[in-house]
Amino acid sequence: VRAAADRIVVCSGFTQALALLAGVLAARGGRTLAVEAYGHQHHRDVVASRGLAVRPVPVDRGGAVIAELGDASGVLLTPAHQFPLGVPLAALRRTQAVAWAAAAGATIIEDDYDGEFRYDRQAIGAMQALAPDSVVYAGTASKTLAPGLRLAWLVLPADLVEDVTAAKVLADRQTSSLDQLTFAELIRSGGYDRHVRRGRQAYRRRRERLVTALRQHAPGVALSGVAAGLHAVLDLPAGQQEADVIARAAARGLAIGGLGGYATPGARHAPALVVGFGTPPAHAVTTAIARLCAVLADEVGRVPVSD
Ligand SMILES: Cc1ncc(COP(=O)(O)O)c(C=O)c1O
């Protein structure tokens, strides 16, 4: 990320950052924000609440299909690790997106919600560095520290700084100084870096345990997406219903979602689960994975593992 301090605005989570950006784009005459066809409904609601129409664009193995952005005023992307599908935005798509934004005078919002957690290689560089005048970079402490903290940061194109700062002041004047100073001290002391490294190792191990357990106990279920983040997408065998598996998991005390819960109207996908493996406390991970495998093994007609 290329960040001059006078282009950074600290917000109360990415949610507020998105609301401010959508409001600024709408106030400048923007009509439509393109979003990935799979993502948080809450984010789409936030965008719509600020007066922009939401236009879903398909996502394939190369990430969002940039050729479908059309005349949108901007696009919200998760380039490092598409949420929830788990694919990175392909290099060619990144350059296409930047070229599209430059030609259309559009804004790219780069939601880097879990870029700290890549397990199979070094993290991919932010798109923002390719085009600092078209791309808004958004980072958050929600995955690295805690979602309850409500701490996120925008690195803005120079042209947006004044309007977004004014919108932030109108919204709540500023994000808590105490929270910002505490976070700054954590970064300065090196403690944040150590914490993120430890987290990266711990979450990598959790993901590996999930992969190994699935291979052993539910081989019909494939994990898709790259080794990154705090969630995994589990592709169910054809014919399975997401809702059935989710209900059976719930009966065993597991809260998991289906891909359908993230889809925009009209988006079609094969049945899949979205499993967050960051949530259970360390002592509960083994049991949670065993229960999930038992549910999945049941579903594909195998002998369930005991928990
Ligand atoms: C796709 C995505 N973007 C952003 C965020 C962060 O949102 P916030 O900073 O409002 O907690 C999350 C969740 O942590 C997320 O899943």
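User: What makes S176 a cap at the N-terminal end of α5 in this predicted model?

Analyst: A side-chain oxygen of S176 lies 3.3 Å from the backbone nitrogen of L178. The cut-off for a polar contact is 3.5 Å, so the pair qualifies.

User: How do you know that the span of helix α5 agrees with its number of residues?

Analyst: Helix α5 covers residues 177-188, which is twelve residues. At 1.5 Å a residue, counting one less than the number of residues, the expected span is 16 Å. The end C-alpha atoms of α5 are 16 Å apart, so the two values agree.

User: What follows α5?

Analyst: G190 does, with a positive phi near 85°.

User: Why is the phi of R150 worth a remark?

Analyst: Most residues other than glycine have a negative phi. R150 is not glycine, yet its phi is positive, near 60°. R150 is placed in the loop between β8 (135-140) and β9 (152-155). R150 is also one of the residues around the ligand.

User: Why is the peptide bond from F83 to P84 called cis?

Analyst: Its omega is near 5°. Most peptide bonds are trans. P84 is in the loop between β6 (74-77) and α3 (91-104). F83 is among the residues around the ligand.

User: What makes H40, S142 and F14 polar partners of the ligand?

Analyst: Each has a pair within the 3.5 Å cut-off. A polar side-chain atom of H40 lies 2.7 Å from a ligand oxygen. For F14, a backbone N or O atom is 2.7 Å from an oxygen of the ligand. For S142, a polar side-chain atom is 2.6 Å from a ligand oxygen. The protein covers 90% of the 390 Å² of accessible area that the ligand has on its own.

User: Where does the ligand sit?

Analyst: In the largest pocket. More than half of the ligand's atoms lie within 2 Å of the pocket's grid points, which is the test for sitting there.

User: Which helix gives the most to the shell around the ligand, and what classes make up that shell?

Analyst: Helix α1 (residues 13-27) does, with three residues. By class, the shell has six polar, three nonpolar and three charged residues. Among the charged ones are D111 and K143.

Note on methods:
Residues numbered from 1 in each chain as written. Predicted model: local features only at pLDDT ≥ 70, side-chain atom pairs only at ≥ 80, totals over all residues. Heavy atoms only, no water. Near = heavy atom within 4 Å. Polar contact = N/O pair within 3.5 Å; in protein donor to acceptor, adjacent residues only side chain to side chain. Areas by Shrake-Rupley, 256 points an atom, 1.4 Å probe, with all protein chains shown as cover. 1 Å grid on protein atoms, 1.4 Å probe; cavity = no way out; pocket = protein on both sides within 12 Å on 5 of 7 lines; lining within 4 Å. Helix = DSSP H or I, 4+ residues; strand = E, 2+ residues; numbered from the N terminus.
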